[in-house]
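Please read these notes with the structure open beside you. They are meant for a first look.

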Amino acid sequence: MDYEAVIGMEVHAQILTRSKLFCGCSSDYASAPPNTHTCPVCLAMPGVLPVINRAAVEATVRAGLALGCEVPPFTKFDRKNYHYPDLPKGYQISQYDHPLCQHGHLDVVANGQAKRIRIRRVHLEEDTAKLVHAEGSSLIDFNRSGVPLMEIVTESDLRSAEEAYDYLTKLHTILRYLGVSTGNMEEGAMRCEVNISIRPRGSETYGTKVEVKNLNSFRSVRLAIAYEIERQARLLSEGGRVEQVTMGWDERSHRTVFQRTKEEAQDYRYFPDPDLPPLEPSREWVEQMRASLPELPEAKSARLAAEYGLRAEDAALLAEDRAIADFFEAAARAAGDVSAQAVANWTVGEVFRLLREGGTDVASAALTPELLAELVGLVESGAINATVGKEVLTETFASGEAPTAIVARRGLRQISGADELREVVRQALDANARAVNDYLGGKTAVMGFLIGQVMRLTRGKANAQTAEALLTQALEERRA
């Protein structure tokens, strides 16, 4: 039987605030020793009271607005009751029936087709502590307990692992653009859970959903969904029955594994938190939050293509990271009359390569937009060729030294004059008689080899076009 997947996604993103959600402890806990960012509030000592973090509320609302959500005039916090060692209060302060944001959407392109993924809600809650399993026991680190967390919940509009992957990567980009979350899945700053069911294609009846947890990378999301769809289809085809359970993803074996039976909302016994007053956002305040939104990736990509005349694919690549897009625009302005497309080519090619190899970001690199503009200008003007340009850029990236200074210090300026190159061309031909004979015999493909020999003799400084023209002229003279 042909089955169709029905997928909903829940994304938890830690919010970038200086302090935790309900206390003054620092939320910058990632590299801190265990249990050093704690206080009576986040340890749930008797008699303590929470105080809401305004910055976390603002960040959640900004994220909701960027996702096209409504911000209702009334919202409240609730106690979600469950008992695990990583939850010191025995309940989590979250939001149930009145979230901060609701009824939004995110448009994605999957398999060449545009699709709208509806977002049911974006709400605010506190993160839990972290369990560390070692040597047959479990230890608890409360540094993460109380860190502000936004949860973004979709409707069941996703139909494949690829759609889910595209949705998640686009959401990740938006959150980083807003500056509300690092989105770093490896550090747990963004976690994902998916609810997956299957049904006969064409059916309107939902199947039994299975929740998959422990998804901490984009790759694992795609693999886990694909595996679970296949597992459920195989189970039904063999006459079995899918049970509503919570599964975990085992990264080593690339399979989902049973964790526990799935809880329902009533199992959490939600009720309004008596220690926190409801929030009633005014329309004026919401509009202030809307006005604070930056240009988002999709709009930025379209503007870069239109304003700078870039290829659509290059504009999209540049717009994926706000810092990279800003870097490119500054470089394009600094480059003056030099083609913005040339600046984009060097950015998405060599700059991306150097950032990847160096394991750094553009804000931390010694390379500035002005230095990149200078380098591209040297190549476009013919002062140096592209091969030397890559070498110079690598040195500038490492040291911050100006490309012009490097070219002058190392004598790298391109040799473009015919008189300077004619003797080098003669030497290249005299040293490679077989290639000359091949060319004269009709094997014109050896021209690339001969140009390479000229480049070798000039240490890469020859103008390739001039070298080719001189080689052709000299070879035709030999033919005569």
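The points below go through the sheets, the rings, the charges and the cysteines in turn.

1. Status of the model. This is a predicted model. Please keep that in mind throughout.

2. The eight-stranded sheet. Start here. Eight strands make up an open sheet, and their order is β4-β5-β8-β1-β9-β10-β11-β12. The pairing in this sheet is mixed. At the edges stand β4 (101-110) and β12 (255-261), each paired on one side only. From one strand to the next, the twist averages 30°.

3. From β4 to β5. These two strands run antiparallel and are joined by nine bridges. They form a hairpin, with two residues between them. Look at N111 in the turn: its phi is positive, about 55°. Further along the pair, C101 stands opposite V122 in β5. C101 comes back in the last point.

4. From β5 to β8. Here the strands are again antiparallel, with seven bridges between β5 and β8. One position to find is E125, whose bridge partner in β8 is L149.

5. The other end of the sheet. Strand β11 (residues 245-250) pairs with β12 over six bridges, in the antiparallel sense. T246 has R260 in β12 as its bridge partner.

6. A helix on the sheet. Helix α1 (residues 54-66) packs on the eight-stranded sheet. Which strands does helix α1 touch? The contacts are with β4, β5 (113-126) and β8 (148-154). The direction of α1 makes about 165° with that of β5.

7. The three-stranded sheet. A further open sheet has the order β3-β2-β13, with antiparallel pairing. Strands β3 and β13 are at its edges and have a single partner strand each, so one side of each is left without a neighbour in the sheet. Four bridges pair β2 with β3 in the antiparallel sense. Within that pair, D78 stands opposite S94 in β3.

8. D273 and its contacts. This residue is found in the loop between β13 and α4 (283-291). Is D273 buried or exposed? D273 is buried, with a relative accessible area of 4%. Leaving aside residues up to four places away in sequence, D273 touches F77, D78, R79, Y91 and I93. D78 is thus worth a second look, as the residue opposite S94.

9. Aromatic pairs. The count of aromatic pairs comes to eight. Take Y82 and Y268. Their ring centres are 5.7 Å apart and their planes meet at 65°, so the pair is edge-to-face; planes over 60 degrees apart count as such. Why does this pair tie together parts that are 186 residues apart in sequence? Y82 lies in the loop between β2 (78-81) and β3 (91-94), while Y268 lies in the loop between β12 and β13 (271-272). Both rings belong to buried residues: Y82 has a relative accessible area of 18%, and Y268 has 14%.

10. A ring cluster. The pair of Y82 and Y268 does not need to be read alone. Ring pairs link Y82, Y84, Y96, Y268 and Y270 into a cluster.

11. A pair between helices. Y308 and F328 also form an edge-to-face pair, 5.3 Å centre to centre with 70° between the planes. Y308 lies in helix α5 (residues 297-308) and F328 in helix α7 (residues 322-334), so the pair ties together parts that are 20 residues apart in sequence. Y308 and F328 are buried.

12. Charges over rings. Two cases deserve a look. The charged end of R222 sits over the ring of Y165, 3.8 Å from its centre. The charged end of K89 sits over the ring of Y91, 5.6 Å from its centre. Y91 is also one of the residues that D273 touches.

13. Cysteines. How many disulfides are there? The count is zero. Consider C69 and C101. For C69, the closest cysteine sulfur is that of C101, 5.5 Å away and too far for a bond. The reverse holds too: C69 has the closest cysteine sulfur to that of C101. A disulfide would need the sulfur atoms within 2.5 Å. C69 is buried, with a relative accessible area of 7%. C101 is buried as well, at 0%.

Key. Residues are numbered from 1 along each chain as its sequence is written. This is a predicted model: local features need pLDDT of at least 70, side-chain atom pairs count only at pLDDT 80 or more; totals for chains, interfaces and linings use all residues. Side-chain values use heavy atoms; hydrogens and water are left out. Two strands pair if DSSP finds at least two bridges between them. Axes are lines fitted to C-alpha atoms, for helices over the stretch in contact, and angles run from 0 to 180 degrees between N-to-C directions. Contact means heavy atoms within 4.5 Å. Rings of Phe, Tyr and Trp (its six-membered ring) pair if their centres lie within 6.5 Å; planes under 30 degrees apart count as stacked, over 60 as edge-to-face and the rest as tilted. Buried means under 20% relative accessible area, exposed over 50%, partly exposed in between (1.4 Å probe, protein chains only). A charge sits over a ring if NZ of Lys or CZ of Arg is within 6 Å of the ring centre and within 35 degrees of the ring normal.
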